[in-house]
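Please look through the sequence and the model below before reading on. The paragraphs that follow start from a single side chain and work outwards to the whole fold.

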Amino acid sequence: SAFKIRSWLKSGLGISVAALSLAGKERMEGFTPEVALSLTAPTENFMCPLSANTYKIDFSAFKIRSMDEGAEQVLFEIRKDPADFADGEEEDDDPAARTIKYHFGPDFLKFHTIGTTLEFTVGPEPVHNFRMIERHYFKDRIMKSYDFTLPFCIPSSVNTWEVIYTLPELTAEMEAELIASPWETKSDSFYFVNNVLVMHNKAEYSYAPH
């Protein structure tokens, strides 16, 4: 494939979290989409516990592809095998289970438009206004922000979410800096249902040669 992935994001649910303190609950309840869109650097902590995912949203497959004319290709594709995580309780106690690391390599920076396909299931409750806000940073400065909403998912359904990303324009100097600074490009992905935060995942990226 065009890049290597260090770990698969387990359902967006990765770790077990003990009962929140009052301060933690207040932090989660006060974390609105408007707060997410105002961030200028990655958060230091996860802004909600796994228990916030009361809709039982479970990511099961993910694909990334180039959509540039004449360069259309699948860059990465993975499907979760439920057996892989059947005995994953011990690993789930590791906060790294909600952080994914992508090693894209320098060629990735040449693409202008990327498409992703996310397959996921939901539990017995309907999901209204499933909103994903992604904030991408390089060395604690904002590079790009994305905001997508899926209006409705029926209960106990399998869903496919197609998203198109227009990548930021880079100068030659900026491209060289990104390549020379592996894992200093980071992102927060916040997932809301009816403006309530239900999931929070993090990612780190390397554009250094393989």
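With which side chain does the side chain of R65 make a polar contact? In this predicted model, the partner is E162, whose side chain lies 3.3 Å from that of R65 in a polar contact. R65 itself belongs to strand 2, which covers residues 58-66. Once its neighbours within four places in sequence are set aside, R65 is in contact with Q73, V74 and L75, with the run T113, I114, G115, T116 and T117, and with E162 and I164. One of these partners, I114, is 49 residues away from R65 in sequence, yet the two C-alpha atoms are 5.8 Å apart in space.

That arrangement can be set against the fold as a whole, which has 4 helices and 10 strands. Read along the sequence, these elements follow the pattern β-α-α-β-β-α-β-β-β-β-β-α-β-β. Among the contacts between residues at least 6 apart in sequence, 77% join residues at least 24 apart. Of the 210 residues in the protein, 47% count as buried.

The interior comes next. In soluble globular proteins, nonpolar side chains tend to be buried together. Here the largest nonpolar core has 37 residues, and those with the most contacts inside it are I57, F120, F130 and W161. Beyond its neighbours within four places in sequence, F120 is in contact with I57, D58, F59 and S60, with F130, L150 and C153, and with S157, V158, N159 and W161. Apart from the largest core lies another, of 11 residues, among them A36, I133, F192 and L197.

L197 also offers a way to a loop residue, since its C-alpha atom is separated by 9.2 Å from that of G30, with their positions 167 residues apart along the chain. G30 sits in the loop between helix 1 (22-29) and helix 2 (33-38). Because its relative accessible area is 43%, G30 counts as partly exposed.

N159, one of the residues in contact with F120, lies in strand 8. Is N159 buried or exposed? Its relative accessibility is 13%, and N159 therefore counts as buried, the cut-off for that class being under 20%. The side chain of N159 is joined to the side chain of S157 by a polar contact of 3.0 Å. Apart from residues up to four places away in sequence, N159 is in contact with L118, E119, F120, V122 and C153.

Just ahead of this strand in the chain there is a residue with a backbone feature to check. S156, in the loop between strand 7 (141-153) and strand 8 (158-166), has a phi near 55 degrees, a positive value in a residue other than glycine. With a relative accessibility of 59%, S156 counts as exposed, because the exposed class begins over 50%. N194 likewise has a positive phi, of about 50 degrees, although it is not a glycine. N194 is placed in the loop between strand 9 (185-193) and strand 10 (196-206), and because its relative accessibility is 43%, N194 counts as partly exposed.

Two further strand residues can be read in the same manner. T185, in strand 9, has a relative accessible area of 6% and so is buried. Leaving out residues up to four places away in sequence, T185 touches Y137, F138 and L178, as well as A203, E204, Y205 and Y207. T185 is also 46 residues from K139 in sequence, with 6.5 Å between their C-alpha atoms. K144, found in strand 7, is partly exposed, because its relative accessible area is 28%. Not counting residues up to four places away in sequence, K144 touches E134, R135, H136, T166 and P168; of these, P168 is 24 residues from K144 in sequence and 6.7 Å from it in space, C-alpha to C-alpha.

What remains is the empty space. Rolling a probe the size of a water molecule over the atoms shows where such space is left. How much space lies in the largest pocket? The value is about 800 Å³. Of the 41 residues that line this pocket, the closest to its centre are F104, E134, H136, Y165 and Y205. E134 and H136 were met above as residues that K144 touches, and Y205 as one that T185 touches. By class, the lining has 28 nonpolar, 7 polar and 6 charged residues.

Conventions:
Residues are numbered from 1 along each chain as its sequence is written. This is a predicted model: local features need pLDDT of at least 70, side-chain atom pairs count only at pLDDT 80 or more; totals for chains, interfaces and linings use all residues. Side-chain values use heavy atoms; hydrogens and water are left out. Helices (H or I, at least four residues) and strands (E, at least two) are DSSP runs, numbered from the N terminus. Contact means heavy atoms within 4.5 Å. A polar contact is a pair of N or O atoms within 3.5 Å; within protein, one must be able to donate a hydrogen and the other to accept it, and residues adjacent in sequence count only if both atoms are side-chain atoms. A nonpolar core is a set of buried Ala, Val, Leu, Ile, Met, Phe, Trp, Tyr and Cys residues joined through side-chain atoms within 4.5 Å. Buried means under 20% relative accessible area, exposed over 50%, partly exposed in between (1.4 Å probe, protein chains only). On a 1 Å grid over the protein atoms alone, a cavity is a set of points where a 1.4 Å probe fits but cannot get out, and a pocket is an open set with protein on both sides within 12 Å along at least five of seven lines; lining residues have an atom within 4 Å of a point. Grid points are joined across faces, edges and corners, and a volume is the space filled by probe spheres set on the points. Ala, Val, Leu, Ile, Met, Phe, Trp, Tyr, Cys and Pro count as nonpolar, Asp, Glu, Lys and Arg as charged, and the others, Gly among them, as polar.
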